[in-house]
Amino acid sequence: MTTNLSRRSWLQRSAMAAAILPVSRWYQPDQYTSKSASPFPAGIIRLNSNENAYGPSEAAREAVMDSLNEANRYPRHFMASLREEIARRENLTPEHILLTAGSTELLGLVGLTYGLQGGEVVACHPTFDFMLAYAERLGCNWARTPLTSTYQYDLNGLDKACGSNTKLIFVCNPNNPTGIEIPTAELQSFCETQSKKYPVYVDEAYIELSPNGRASSMASLVDSNPNIIVGRTFSKVHGLAGLRIGYAIANPVTIELLANFHIGRGMTISSASANAAIACLKDAEFEAYSRRKIIEGREMVCKAFDKWGVEYMPSAANFVFFRNDKFSMDPVEAMEKEDILIRSYDYWPGWTRVSIGTTEEMEAFISAAQKYV
Ligand SMILES: Cc1ncc(COP(=O)(O)O)c(C=O)c1O
């Protein structure tokens, strides 16, 4: 962060600490807005964490409030209902579903299940590396395969990297930070072939935002194939990142295997998160709205990049990864000067990721960025 931003943030944060927002203000009836209770001063635009600026929906907010009446009880019945709702949506049974505190916790369980005995996890690099880095910390090697020359997740490369030491293959679809989606038929055939030999984890955090949405999911493979695990989250299209709720879709045998590493077998989920997630699954209108607005925002950014000649990767997610060379200074620093937070990666110099926020936020990003191209 620039000194300016840090100083301003600090001053404003101190002021905010004294002014605790009343619940009635937090519980806004206006639909599709997400304001208040923010640790960030007003005016800072957060496009650095692939969050959903439209969430949580009104239905999810109400569900959180309703769940408070049961906050003195353990969340078992909320969890059971959520598993049923997810199962219904996926044409599977609740036994095919494991709820976790965000899909991050699921990644941890997968890391423990397959990485504790050493060996190798095979995955492309760069990708979303939480589980891979964790497995490494557990003593398992991450066999890194580069992306293809067009930045696609390299399924052939993964195939070549697998061997007698392989404990798990990790596929991120769409990938983060590239946003690029793997063609569904290719991934399906890869999963079917590889899972005969190795467990395959498919991270589908952004799948609902891809052109064909959940039709591109590998979830339909899990019932007949215990070696395929699909990871999903309520953090992205549903806008519940702060409530920490994710899930695995897998064969019941595999769900049991993962659940054995889940302390309390699921007691990391709160009633509020589970009830909000149930509300999200019943709120097709908000999901469609959220998806449409995010795709519109993505298209706005891509159109501006096209106009400026900025190279970017074709994204199927709620962010766009672009090349810095058309900018007069580092885009992260430039945007900080404009009170807009975006993100770059040490391992991928010369490129930057912008997450998709509201239409107004994307307009602000585009007009700010234009000053530096
Ligand atoms: C590809 C991918 N998987 C998983 C996650 C973890 O998300 P969460 O723990 O909020 O479900 C993220 C977060 O950004 C992600 O980008």
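How far is an oxygen atom of the ligand from an N or O atom in the side chain of Tyr206? Keep that in mind as you open the viewer, and remember that you are looking at a predicted model.

**Stop 1: the ligand.** Select the ligand and Tyr206 together. The distance between an oxygen atom of the ligand and an N or O atom in the Tyr206 side chain is 2.8 Å or less? Let the number speak: it is 2.7 Å. Now add Asp203, where a polar side-chain atom sits 2.7 Å from a nitrogen atom of the ligand. Next, show Asn176: an N or O atom of its side chain is 2.8 Å from a ligand oxygen atom. Taken alone, the ligand has 400 Å² of accessible area, and the protein covers 92% of that. To see the surroundings, display the 13 residues around the ligand; those that come nearest are Thr104, Tyr206, Thr233, Ser235 and Arg244.

**Stop 2: the sheet.** Switch to a cartoon view and look for the strands. An open sheet is built from 7 strands, in the order 2-8-7-6-5-3-4, with mixed pairing. Colour residues 97-100 (strand 2) and 141-146 (strand 4): these are the edge strands, and each pairs on one side only. On average, neighbouring strands are turned by 25° against each other, ignoring direction. As background, strands of a sheet pair through backbone hydrogen bonds, either parallel or antiparallel.

For one pair in detail, select residues 120-125 (strand 3) and 166-172 (strand 5), which pair in the parallel sense over 4 bridges. Within this pair, Ala123 has Phe170 of strand 5 as its bridge partner.

**Stop 3: two helices.** Select residues 130-137, which make up helix 6. Helix 6 packs on the sheet and touches strands 3, 4 and 5, and its direction makes about 140° with that of strand 4. Then select residues 102-115, helix 5. Helix 5 lies across strands 2, 5, 6, 7 and 8, running at about 115° to strand 2.

**Stop 4: Pro199.** Find the loop between helix 8 (184-194) and strand 6, and pick Pro199 there. Is Pro199 buried or exposed? Its relative accessible area is 12%, under the 20% cut-off, so Pro199 counts as buried. Show what Pro199 touches beyond its sequence neighbours up to four places away: Tyr114, Lys167, Leu168, Ile169 and Asn227. Finish with Leu168, which is 31 residues from Pro199 in sequence, while their C-alpha atoms are 5.0 Å apart in space.

Key
Residues numbered from 1 in each chain as written. Predicted model: local features only at pLDDT ≥ 70, side-chain atom pairs only at ≥ 80, totals over all residues. Heavy atoms only, no water. Pairing = 2+ DSSP bridges. Axes fitted to C-alpha atoms, helices over the stretch in contact; angles between N-to-C directions. Contact = heavy atoms within 4.5 Å. Near = heavy atom within 4 Å. Polar contact = N/O pair within 3.5 Å; in protein donor to acceptor, adjacent residues only side chain to side chain. Areas by Shrake-Rupley, 256 points an atom, 1.4 Å probe, with all protein chains shown as cover. Buried < 20%, exposed > 50% of the residue type's maximum accessible area, 1.4 Å probe, protein only.
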